[in-house]
Amino acid sequence: MLEELWNTLTDPSLRVAPAYLAAFILIAFAIYLLRRRAEHLPGFLAWLFPRRVYTDRSNLTDAGLFLVGRLMAFVGVFRAVGLRTLTTVAVVALAGAATGASIREAPWSAGDTVLVTAIYLLFADFAVYWVHRWHHEMPLLWPFHMVHHSAEVMTPLTVYRKHPVYDLLSAMISDLMVGLAMGLVLILVTNHLDMLAMAGIHAGYFLFNMFGSNFRHTHIWIGYGPVLERILISPAQHQIHHGRAVRHHDKNYGEVFALWDWMFGTLYVPKGREAVEFGLAERDGTPIPQPHPNLAAALLVPFRQFAAQLGARGRDVNGAAAHTEAAER
């Protein structure tokens with residue numbers, strides 16, 4: 001049991017896995033060498049791991065939520081709600097039953113492999129975009145995602161500063177969306193997943209995690225330039241997404257691809273390096289005091305805010321019903 005718990009904490013798919021952290025440090029060192037003189041930077045370790053950031057109360061909350069998430073993974077909560085495979089199988093089965101057509105079982109060609117890999121990665125990222133955006137725009141969902149945005153300093157652990165309810169809802173909605181897409185793809189291509197395609201999918205996420213993903217939640221600015229930032233979300237663009245400035249609100253929801261933000265009008269491409277203050281703010285940019293100063297608050301406050309939203313909706317519905325009844329008399 002202890003070994004299983006350790007394996008959960010050191011899962012190689014985590015962005016804070018040793019291989020990804022090693023790549024993070026090496027890339028950071030190269031950036032440091034390029035910027036050291038021009039920006040009059042301190043020593044490398046002091047620049048990469050500033051004490052004020054890593055000892056901040058916000059980062060301690062990040063660490064606590066990371067451990068909560070790993071504990072939930074250990075007891076199998078996320079496996080229990082995994083719908084991606086079930087949805088894929090259901091779509092294939094229903095399509096076969098409805099049309100009476102047999103799904104072709106020919107071996108996959110190189111073109112099939114590339115096609116399925118590309119479609120999977122695109123649809124997975126498309127699902128992430130909308131799940132993320134819905135959590136910002138729907139008042140009932142926002143309290144659970146607000147925990148992530150209340151981070152006032154950012155480190156690679158901040159990616160795991162997520163309320164368990166947000167993780168569960170995100171997994172369920174993304175699994176349904178991606179499962180539907182993959183079911184349709186398999187109907188057109190084959191009725192089984194090819195190992196080469198799966199390897200390609202994993203390789204895509206490996207490259208994303210290896211080259212730059214850990215910089216998204218840091219103080220280190222890395223932009224890709226105005227052209228590439230219309231295709232891929234840079235670490236700088238994601239830092240902007242966490243910004244308090246009004247111009248940064250509701251921008252750059254994408255995880256890997258910027259295409260969705262560009263397509264749906266939420267893309268923000270910086271013209272140059274910008275100062276970004278992290279944390280929550282009102283619509284006019286006024287900073288909101290930290291609502292999650294510790295782990296207990298990060299876990300409990302969203303439920304109180306959710307209940308308040310439900311109460312407000314109930315009052316609105318009752319008020320509207322009373323107004324209608326009075327008008328009909």
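Ala, Val, Leu, Ile, Met, Phe, Trp, Tyr, Cys and Pro count as nonpolar, while Asp, Glu, Lys and Arg count as charged and the others, Gly among them, as polar. That sorting comes in handy for the first close-up. Keep in mind throughout that this is a predicted model.

**Figure 1. A look into the second largest pocket, with a volume of about 400 Å³.** Twenty residues would be a lot to label, so here is the short version: the pocket is lined by 20 residues, and H136, W142, D250, A281 and R283 lie nearest its centre. Two elements, α8 (110-137) and α9 (142-149), give two or more residues to this lining. What mix of classes does the lining have? There are 7 nonpolar, 8 polar and 5 charged residues.

**Figure 2. Helix α9, the element that gives the most to the lining of the second largest pocket.** The helix puts 3 residues into that lining. Is α9 mostly buried or exposed? Of its 8 residues, 7 are buried, so the helix is largely enclosed by the rest of the structure. The buried ones are P143, F144, H145, M146, V147, H148 and H149.

**Figure 3. D250 and R283, a salt bridge at the pocket.** Both residues are among those that lie nearest the centre of the second largest pocket. Their closest N and O atoms are 2.9 Å apart. The pair links distant parts of the chain: D250 sits in the loop between α12 and α13, R283 in the loop between α13 and α14, and 33 residues separate them. How accessible are the two partners? D250 is partly exposed, with a relative accessible area of 27%, whereas R283 is exposed, at 58%. D250 has another thing to look at, its backbone. Its phi is positive, about 60 degrees, although D250 is not a glycine. Most residues other than glycine have a negative phi.

**Figure 4. R244 and E152, a salt bridge that belongs to a network.** Side chains of opposite charge can pair when their charged atoms come close. Here the side chains of R244 and E152 meet at 3.4 Å, N to O. R244 lies in the loop between α12 (235-241) and α13, and E152 in the loop between α9 and α10 (164-189), so the pair ties together parts that are 92 residues apart in sequence. Is R244 buried or exposed? R244 counts as buried, at 9% relative accessibility, because the cut-off for buried is under 20%. Its partner E152, at 31%, counts as partly exposed. Now bring in one more residue: E152, R244 and E277 are linked in a network of salt bridges. For the wider picture, a search of the whole structure finds 8 salt bridges.

**Figure 5. E39 and R273, another salt bridge across the chain.** The two side chains meet at 3.1 Å, N to O. How far apart are these partners in the chain? The answer is 234 residues, with E39 in helix α2 (residues 18-39) and R273 in the loop between α13 (259-264) and α14 (295-328). E39 has 34% relative accessibility and counts as partly exposed.

**Figure 6. H40, a residue with a positive phi.** Here we are in the loop between α2 and α3. H40 has a phi of about 50 degrees although it is not a glycine. How accessible is H40? With a relative accessible area of 70%, H40 is exposed.

**Figure 7. A nonpolar patch on the surface, made by I25, L45 and F49.** The patch is about 260 Å² in area. Where does F49 sit? F49 lies in the loop between α3 (44-48) and α4 (51-54). The relative accessible area of F49 is 32%, which makes this residue partly exposed.

**Figure 8. V53 and T155, a pair brought together in space.** V53 is found in helix α4. Is V53 buried or exposed? V53 is buried, with a relative accessible area of 4%. In sequence, V53 and T155 are 102 residues apart, yet their C-alpha atoms are 7.7 Å apart in space.

Methods
Residues are numbered from 1 along each chain as its sequence is written. This is a predicted model: local features need pLDDT of at least 70, side-chain atom pairs count only at pLDDT 80 or more; totals for chains, interfaces and linings use all residues. Side-chain values use heavy atoms; hydrogens and water are left out. Patches are made of residues with over 30% relative accessible area and no salt bridge: like charges are joined within 9 Å, nonpolar side chains (Val, Leu, Ile, Met, Phe, Trp, Tyr) within 5 Å. Accessible areas come from the Shrake-Rupley method with a 1.4 Å probe; for residues, only the protein chains shown count as cover. A salt bridge is a side-chain nitrogen of Lys or Arg within 4 Å of a carboxyl oxygen of Asp or Glu. Helices (H or I, at least four residues) and strands (E, at least two) are DSSP runs, numbered from the N terminus. Buried means under 20% relative accessible area, exposed over 50%, partly exposed in between (1.4 Å probe, protein chains only). On a 1 Å grid over the protein atoms alone, a cavity is a set of points where a 1.4 Å probe fits but cannot get out, and a pocket is an open set with protein on both sides within 12 Å along at least five of seven lines; lining residues have an atom within 4 Å of a point. Grid points are joined across faces, edges and corners, and a volume is the space filled by probe spheres set on the points.
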